[in-house]
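Please open the model in a viewer and keep the sequence beside it. The tour below proceeds from one selection to the next.

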Amino acid sequence: MTRKRRCAALAVTTALLGTGVVLTAPPTAAAAAAPVAEAAATATVVGETWLDARTVDLTIASPAVGAALPVRVVLPTGYAAQPDRTWPVLYLLQGAHDDYTSWTRETDAVDFLAGHDVLTVMPSSGPTGIPTDWWNYGSADAPDYETFQVDELMGVLQQRFRAGTKRAVAGVSTGGYGALAFAARHPGTFGAAASYSGILDTTALGMPTVLNAIVARESLLPLTLWGSHLLNRGNWNRHNPYTQARALQGTGLYISQGSGLPGGVFGNLEGALLEGTLWAQAHRFTAQLDALGIPAQVHFYSGGAHAWPNWRQEFKASWPTLAQGLGLS
């Protein structure tokens, strides 16, 4: 996320953590999501803009979300020269209060991946950056970003860009949550998953408050995410990488997390504080993997901030894990 947005989100999060308040509100007419199309409908491309020979921005009408969403696709350098080949797919997921352009805006991922035979896709996860199926008080019309990204988008990539069956997913912050949640909730779909400063135990101490703050920052009612983390505990557990960790057996995993404060980045104290807030739950998640006998490459580092300078380094460090899951090594 950008510094301006990150600071605003952190201000809300810090205030909530300090008071112990969990935002809740009753359903209102304004809280209802836009209607979605029939379940049998498929996602369709309604817009296409080429930025260069390898990079195209698509607008995809998603029945699952009930909206047209942007997606950035980066082709392998050998794509045009090999018209009969299919390609493994790497998902790069955005963080909270950011958008689908973040990976190309904040990193050199396009240049880094130029020498690797992979189709890279950067989908929108909505304004909160939480790629999930929203509860919205049990409404059948609640937006479902998970189905959009895992199923609908893959269908589009197979039809238009010769996507193959090998996949890996990586994300920052809420995108890190999405990477591990997708891999756990869709066993066998992703050969590898990487989280950089992700929320990996959504019901750990303080984490429901953090998620509530992220949702509230976008003027949405916190209960519309998965309901109350107490009264709707089952739904929270179904979306929690920690409680679904057993399903990660066989998936290549890379987990990184900084300690933030103390030892934070003095130029970004807000980001260091937020990074530190996520420290304990990340350890709890990796301890769960250990208890289940599930191997993972883990990098816990001192200091750092909830920001792209750390995540850029972690993405490159995780590449061997992702490449193996993509069948490239």
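Begin by selecting Arg72 together with Met122 of strand E5, its bridge partner in that strand. The model on display is a predicted one. Arg72 belongs to strand E3, residues 67-74, which runs antiparallel to E5 and is joined to it by 4 bridges.

Next, colour strand E5 itself, residues 119-123. How many of its residues are buried? The strand is mostly covered, with 5 of its 5 residues buried. Display the side chains: Leu119, Val121 and Pro123 point one way, Thr120 and Met122 point the other way, and all are buried. Such a pattern is familiar, since side chains in a regular strand alternate between the two faces of the sheet.

Now add strand E4, residues 87-93. E4 pairs with E5 in the parallel sense, over 3 bridges. To locate this pairing, select Val89, which stands opposite Leu119 in E5.

From E4, follow the chain into the loop that leads to helix H2, where Thr101 is found. Thr101 has a relative accessible area of 16% and, because the limit for buried is under 20%, counts as buried. Select Val71 as well: Val71 and Thr101 are 30 residues apart in sequence, and their C-alpha atoms are 8.5 Å apart in space.

The next stop concerns the aromatic residues. The model contains 14 aromatic pairs. One of them joins Tyr79 and Trp87, with ring centres 6.3 Å apart and an angle of 35° between the planes, a tilted arrangement. Both partners are covered: Tyr79 is buried at a relative accessible area of 13%, and Trp87 is buried at 1%.

Select Trp103 and Phe315 for another pair. Is their arrangement tilted or edge-to-face? The pair is edge-to-face, at 5.3 Å centre to centre with 70° between the planes. Trp103 lies in helix H2 (residues 102-106) and Phe315 in helix H10 (residues 308-325), so this pair ties together parts that are 212 residues apart in sequence. Trp103 and Phe315 are both buried. Extend the selection to Phe112, Tyr196, Tyr254, Trp308, Trp311 and Trp319, which together with Trp103 and Phe315 form one aromatic cluster.

Two charged residues over rings may be inspected next. Return to Tyr79 and add Arg162, whose charged end sits over the tyrosine ring, 4.1 Å from its centre. Then select Tyr242 and Arg284: Arg284 lies over the face of Tyr242, at 4.2 Å from the ring centre.

Move on to helix H6, residues 207-217, which is mostly covered, with 9 of its 11 residues buried. The buried residues are Met207, Pro208, Thr209, Val210, Leu211, Asn212, Ala213, Ile214 and Val215. Just after H6, select Ser219 and inspect its backbone, which takes a positive phi of about 60°.

The final stop is at the surface. Select Leu261, Leu269 and Leu273, which make a nonpolar surface patch of about 240 Å². Leu269 lies in helix H8, residues 269-277. Why is Leu269 described as partly exposed? Its relative accessibility is 41%, and it counts as partly exposed because that class lies between buried, under 20%, and exposed, over 50%.

Methods
Residues numbered from 1 in each chain as written. Predicted model: local features only at pLDDT ≥ 70, side-chain atom pairs only at ≥ 80, totals over all residues. Heavy atoms only, no water. Patch = residues over 30% accessible without salt bridge, like charges linked within 9 Å, V, L, I, M, F, W, Y side chains within 5 Å. Areas by Shrake-Rupley, 256 points an atom, 1.4 Å probe, with all protein chains shown as cover. Salt bridge = Lys/Arg side-chain N within 4 Å of Asp/Glu carboxyl O. Helix = DSSP H or I, 4+ residues; strand = E, 2+ residues; numbered from the N terminus. Buried < 20%, exposed > 50% of the residue type's maximum accessible area, 1.4 Å probe, protein only. Phe/Tyr/Trp six-rings, centres within 6.5 Å; stacked < 30°, edge-to-face > 60°. Lys NZ or Arg CZ within 6 Å of the ring centre and 35° of its normal. Pairing = 2+ DSSP bridges.
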